[in-house]
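Reader: I've got a structure open and I'm a bit lost in the vocabulary. Could you walk me through it?

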Amino acid sequence: MNTKQLLKKIKLSDSDMAEIKAAVKKAEDSTTGEIALALTAESSSYSFWELLASIYIAAFVFIIMLPLAPAINSFYEQLRWAQPVWFLPAFYGIACLATIVISFCVMNVPVIDRFIIPRDIRRKEVTHRAFRYFTESGVYDTNEHSGILIFVSYMERQVRIVADSGIAKKIPQDLWNIIADELAAGIKTGHTKEGFIGAIEKCGELLAEHFPAHSENPNELPDGLVILTED
């Protein structure tokens, strides 16, 4: 899924992106804290689970086809004078392999992925991806260690807010989790822009309370929503 497709699915336009960026800038004007935003199509490839589900489907197809062996043999005999001994095993093998390949391709649909991948696995992968980007993007390296990352993973429909060590000492994670849940609910109902802006404003208020702005207040991180996907 490329950037254009992802933004369309999550219902964000160019003007919405500009409003979100402006909301971050406004929130950061009253605090030394930094707010970073990231959106990804999915937090992992989940290939193992997709392949496992495809194999289960192929096994089910194989079981369903077993009683049909006489009918398959009879049909082939009508087409050819003689039937090789390897025909039936080869037919079943090709049918199962084709089922695996087709099923594996279909498994990339987000709705199906959410159904076949265990919830705990999805939660774990989103958390890992959020912390990885927290490090990659440098949110952990602000002057006062007062950066937070709002991380959204589309396929899993989950949001993580990761706070740096300076923030974690003053603001409990439970408050960030509440904001994250509200943003996830907004995205689920199609109010993505409003959900982002609301989350940014609430994060800004908490940061301003504990990390008020100084006379010099440099902008250490990009303000806009970063899309983590390949075009």
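**Reading the sheet**

Author: Sure! Let's start with one residue: Leu-37 stands opposite Leu-225 in β4. Keep in mind that this is a predicted model.

Reader: What makes β1 and β4 a pair?

Author: Two strands pair if there are at least two bridges between them. Strand β1 (residues 34–40) and β4 have 4 bridges, so they count as paired, in the parallel sense. One more partnership here is Leu-39 with Ile-227.

Reader: How do you know that β1 and β2 pair?

Author: Same test: 7 bridges link them, against a cut-off of at least two, so they pair, again in the parallel sense. In β2, Ile-150 stands opposite Leu-37.

Reader: Why are β3 and β4 called edge strands?

Author: The sheet is open, with its 4 strands in the order β3-β2-β1-β4 and mixed pairing. β3 (158–163) and β4 (225–228) each pair on one side only.

Reader: What makes α7 a helix that packs on the sheet?

Author: Contact means heavy atoms within 4.5 Å, and helix α7 (residues 119–136) touches β1, β2 (147–153), β3 and β4, so it packs on the sheet. Helix α10 (residues 192–210) lies across those four strands too, running at about 160° to β2.

Reader: Why is β1 described as mostly covered?

Author: Buried means under 20% relative accessible area, and 7 of the 7 residues in β1 are buried, so the label fits.

Reader: Which residues of β1 sit on which side?

Author: Glu-34, Ala-36, Ala-38 and Thr-40 are on one side, with Ile-35, Leu-37 and Leu-39 on the other. In a regular strand, side chains alternate between the two faces of the sheet.

Note on methods: Residues numbered from 1 in each chain as written. Predicted model: local features only at pLDDT ≥ 70, side-chain atom pairs only at ≥ 80, totals over all residues. Heavy atoms only, no water. Axes fitted to C-alpha atoms, helices over the stretch in contact; angles between N-to-C directions. Buried < 20%, exposed > 50% of the residue type's maximum accessible area, 1.4 Å probe, protein only.
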